[in-house]
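Thank you all for coming. I would like to take a few minutes to walk through one model with you, starting at the ligand and then turning to a sheet.

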Amino acid sequence: ENTQLKDIIAHAKEYGFVYPSSEIYDGLQAVYDYGAYGVELKNNLKRLWWETMTRLNDNIVGIDAAIFMHPTTWKASGHVDSFNDPMIDNKDSKKRYRADVLIEEKAAQYEKEGDKERAQNLLNAMARLLEAEDLAAVRELIINEGITCPISGTSNWTEVRQFNLMFSTQVGSVAEDASTIYLRPETAQGIFVNFLNVQKTARMKVPFGIAQIGKAFRNEIVARQFIFRMREFEQMEMQFFVRPGSELDWYKQWAETRMRWHKALGIPEQKLRRHDHEKLAHYANAAMDIEFEFPFGFKEVEGIHSRTDFDLKSHQEYSKKKQQYFDPEINQNYIPFVIETSIGADRLFLMTLCNAFVDEEVEGKQRTYLKFHPAIAPVKAAILPLTKKDGLPEKAQEIVENLKYDFNIIYEEAASIGKRYTRQDLIGTPFCIAVDHQTLEDNTVTIRHRDTTEQERVAISELHSRLTEACSF
Ligand code: ATP
C-alpha cells in the first residue's frame with residue numbers, strides 16, 4: 001500500500017512535479033516546491049476551481065485578501081483560543097506526537113484485527129475527553145492502551161499539552177513598536193472581514209458567494225504523507241452567504257454540487273465518499289468531508305461546513321462594526337448565515353496525481369503513465385519530428401506556432417520516437433503528435449494517444465479543434 005505512495009513521491013520528484021523544499025539543505029519538513037509540470041498541473045486545478053466557482057455561478061465573485069491580517073481577526077475567529085492540537089512527547093526519543101493521532105492509530109489497529117467495537121469505543125472515549133479538555137485523562141488513555149513510541153518503543157510519556165497551530169511573526173522594525181501578527185491559518189477570514197466591502201461594491205444580493213485562492217499556514221506537528229499535510233499550503237475556499245433558516249438547504253445543495261465536481265474531474269465514484277461529522281466545531285450546525293481513497297486510506301480532500309452566523313457575528317462584536325445585510329425582498333436586516341466549501345489545492349493535486357498514476361505490466365513490460373484528464377494535464381501535446389533532418393523540425397515548429405497560444409505544448413526532437421513517447425507518458429501528456437515524411441506531402445500527422453497507445457492519422461488543420469474538444473469537460 002504505502003509502497004504505492006513511495007512510488008508516487010519518487011515519480012513526482014523524478015519527473016518535475018514536486019520536490020522537497022530547499023532540498024540541497026536536506027529539505028524542510030512538511031514544505032514542498034512544485035516543479036515545471038507540477039506548477040502547470042496545480043495552476044490548471046486552481047483555474048478550474050476558480051472558473052467553476054466564479055464563472056458558472058453569476059452570484060459568486062472572487063477576492064484576493066492579504067495573508068497578514070489584523071491580530072484581532074484571530075481572536076474573533078476563535079483561532080487564538082481554540083486552534084490547538086493536543087501534543088504528547090516521548091521522554092526517551094524526545095519525539096513529539098499528536099495525542100489524538102496516536103489513539104486513532106491504535107483504533108485503526110483494532111479495526112484491522114476485526115474488533116470494530118473496541119475501535120469505536122476507543123474513539124468515543126477520546127472524543128469525550130478532548131471535548132471536556134481533560135488532557136490528563138487523554139494521557140492515561142494512551143498509557144492504559146499500551147501505546148508506545150514508534151521510535152523508542154517505550155511508553156514513557158510526558159503530559160499532554162495544547163499546541164496552537166498558528167505561526168506568528170513580528171511587524172514593525174523597532175523591537176518596542178513591533179506587534180505580533182499571525183500567518184493566516186485559513187483563507188476564510190479574509191472573506192468574512194470583506195463581506196460588506198464585496199457585497200456593496202459588487203452589488204451582490206443574498207444569496208451570494210465570495211471565492212478565494214491563497215496560501216495558508218499551519219504549524220502541523222504530524223507532518224507525513226507527502227503533500228497531504230503541509231505547513232505552508234494553498235486553500236480554495238468559497239463562503240456562501242444565505243438568509244438565516246435557509247442554510248441547511250444550501251448546505252445540502254453545495255455538498256451535492258461539490259461531489260459532482262470531483263466526479264467530473266475523472267475521479268471514480270468508488271474512490272470518493274462522503275463523511276458526515278458527528279462532532280461539530282463550535283461554529284457549525286452541519287459539516288461533512290468529501291474523502292478520497294489515497295494509498296493510505298480514505299482521507300479528507302474537501303470540507304463543506306454550515307458555519308451559521310458565527311464568524312460575522314463575532315467580527316461584529318470585536319470590531320463594533322455592523323455586519324448586517326438589508327434584504328429588500330423581505331424588508332429585514334440580518335447577519336447572513338454561511339455555507340463554506342473548503343479544499344486544499346495541494347491535497348487536490350495529490351488526489352489527482354494518485355488517481356492518475358498507472359504502473360502496469362503490458363505483455364511482460366512495465367509501463368508507467370499518468371492518466372490525467374486532458375483538461376488538467378500539465379502539457380496537452382508534444383510535437384515530435386521523426387528525424388532531425390529533411391525539413392521535419394521546421395514543419396513541426398510550424399505546428400507548435402499554431403497551437404502554442406492556446407495550449408501548453410512541448411517540442412522535442414532528441415532521442416528515438418519511442419523514448420520520446422515514454423517520456424510524455426511519464427508526465428501525463430495526453431497526445432503525442434509525430435511529424436514524418438508523409439506530413440510534408442499531405443499535411444497530416446500521427447496522433448498517438450497516451451492511455452491506449454493507439455495511433456491515428458489526422459490533418460494538421462484539425463489539430464486545434466481536436467485539442468480544444470479533448471481539453472474541455
Ligand atoms: P485535517 O483534519 O486533515 O487536518 P482540517 O479539517 O483541519 O483538515 P480544514 O481546516 O477544514 O481542514 O481545511 C480545509 C481544507 O484545507 C482541507 O480539506 C484540506 O484539503 C486543506 N488542508 C488543511 N490543512 C492542510 C494542510 N496542513 N496541508 C494541506 N492541506 C490542508
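Before I say which elements meet the ligand, a word on terms: helices, of at least four residues, and strands, of at least two, are DSSP runs that are numbered from the N terminus. Please also keep in mind that what you see here is a predicted model.

Let me begin with the ligand, which is surrounded by 16 residues, the closest of them being F233, G303, S342, G344 and R347. Three strands and a helix, namely β10 (232–242), β13 (297–308), β16 (337–344) and α12 (345–356), each contribute at least two residues to this shell, and it is β13 that provides the largest share, with four residues. As for the chemical character of the shell, eight of its residues are charged, while four are polar and four nonpolar.

Now to the sheet, which is open and built from three strands in the order β5-β4-β6, with antiparallel pairing. Because β5 (96–98) and β6 (157–164) are the edge strands, each having a single partner, one side of each remains without a neighbour in the sheet. From one strand to the next, the twist averages 35°.

If we look at the pairing of β4, residues 84–90, with β6, we find that it is antiparallel and extends over six bridges, and that I88 stands opposite V160 in β6. Finally, what lies across these strands? Helix α5, residues 99–112, lies across β4, β5 and β6, and it runs at about 65° to β5.

How values were computed:
Residues numbered from 1 in each chain as written. Predicted model: local features only at pLDDT ≥ 70, side-chain atom pairs only at ≥ 80, totals over all residues. Near = placed C-beta within 6 Å. Nonpolar A, V, L, I, M, F, W, Y, C, P; charged D, E, K, R; others polar. Pairing = 2+ DSSP bridges. Axes fitted to C-alpha atoms, helices over the stretch in contact; angles between N-to-C directions. Contact = placed C-beta atoms within 7 Å.
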